[in-house]
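Let's take a friendly walk through this structure together. Please have the sequence and the 3D view open as you read.

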Amino acid sequence: AFSTHARELSQELADRAKGICEEGSGPPLGLDFAEVLVWARKLRDEEFKSYKQAYAEADLDASGAIDFEALLTNLGVTLTKLAIDGMIEIAKAKGDWHELEGGDQDYDSFVHFMQVLNETDGFTTKEMEEIQDTFNKFDADGSGD
């Protein structure tokens, strides 16, 4: 769901965080909390820019409403109907989903869906529970590591 530019920013941040620098250019670079916030904001802005662009491309008649499943297909998002419906239910439970006439969605609903998609990595609630249960079986001390 990241744009190309956001991926580049993410990689640059990861490189700085790891302390990667050219040989002989000095000590590894670190990030203080304020810098982390700046980078997080840049990544978030890029993410929303890519959402806005994808939405605009799908809103062919400039009505402000899109066929949601067609947009997901255009983005290359391949989810089962069950997974999509589950993520919509999560967005609805948060109060972040608004259906327009004809079942189309507005931009805000699309953004909220994409946030749920990012949170769940495309897994259904049941799949997330199964993954957590499996992890917990191997996390004997409950540390989360």
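A good place to start is Ser109, which counts as buried because its relative accessibility is 0%, where the cut-off for buried is under 20%. Keep in mind as we go that this is a predicted model. Ser109 sits in helix α5, and its side chain makes a polar contact of 2.9 Å with the side chain of Asp106. Leaving aside residues up to four places away in sequence, Ser109 touches Asp96, Trp97 and His98.

Asp96 is worth following next. Asp96 lies in the loop between α4 and α5. With residues up to four places away in sequence again set aside, the contacts of Asp96 are Ala91, Asp108, Ser109 and His112. Asp96 can also be placed relative to Val111: the two are 15 residues apart in sequence, and their C-alpha atoms are 9.0 Å apart in space.

Now turn to α5 as a whole. Its 14 residues should span 20 Å at 1.5 Å a residue, and the end C-alpha atoms are 20 Å apart, so the two values agree. Which residues of α5 are buried? They are Tyr107, Ser109, Phe110, Val111, Phe113, Met114, Val116, Leu117 and Thr120. The cover over these buried residues includes α2, α3, α4 and α6.

From here we can move to the nonpolar interior. The largest nonpolar core has 20 residues, and Phe68, Phe110, Phe113 and Met114 are those with the most contacts inside it. Each of α2, α3, α4 and α5 supplies at least two residues of this core. Which helix gives the most to this core? That is α5, with seven residues.

Phe68 leads us to α3, which spans residues 68-75. The buried residues of α3 are Phe68, Leu71 and Leu72. Seen down the helix axis, these buried residues fall within an arc of 100 degrees, so they line one face of α3. A general point helps here: an α-helix has 3.6 residues a turn, so residues three or four places apart point the same way. Covering the buried residues of α3 are elements that include α2, α4 (81-93) and α5. On the face of α3 turned away from its buried side, you will find the exposed residues Thr73 and Asn74.

Let's finish with the backbone. Most residues other than glycine have a negative phi. Just after α3, Gly76 takes a positive phi of about 85 degrees. Where does a residue other than glycine have a positive phi? One of the places is Ala62, with a phi near 55 degrees. Ala62 lies in the loop between α2 (33-58) and α3 (68-75). Is Ala62 buried or exposed? Ala62 counts as exposed because its relative accessibility is 66%, the cut-off for exposed being over 50%.

Asp121 also has a positive phi, of about 55 degrees, although it is not a glycine. Asp121 comes just after α5, in the loop between α5 (107-120) and α6 (125-138). With a relative accessible area of 61%, Asp121 is exposed. So our route along α5 has taken us from Ser109, which is buried, to Asp121, which is exposed.

How values were computed: Residues are numbered from 1 along each chain as its sequence is written. This is a predicted model: local features need pLDDT of at least 70, side-chain atom pairs count only at pLDDT 80 or more; totals for chains, interfaces and linings use all residues. Side-chain values use heavy atoms; hydrogens and water are left out. Helices (H or I, at least four residues) and strands (E, at least two) are DSSP runs, numbered from the N terminus. Buried means under 20% relative accessible area, exposed over 50%, partly exposed in between (1.4 Å probe, protein chains only). The arc is that of the directions from the helix axis to the C-beta atoms. Contact means heavy atoms within 4.5 Å. A nonpolar core is a set of buried Ala, Val, Leu, Ile, Met, Phe, Trp, Tyr and Cys residues joined through side-chain atoms within 4.5 Å. A polar contact is a pair of N or O atoms within 3.5 Å; within protein, one must be able to donate a hydrogen and the other to accept it, and residues adjacent in sequence count only if both atoms are side-chain atoms. The expected span of a helix is 1.5 Å times one less than its number of residues.
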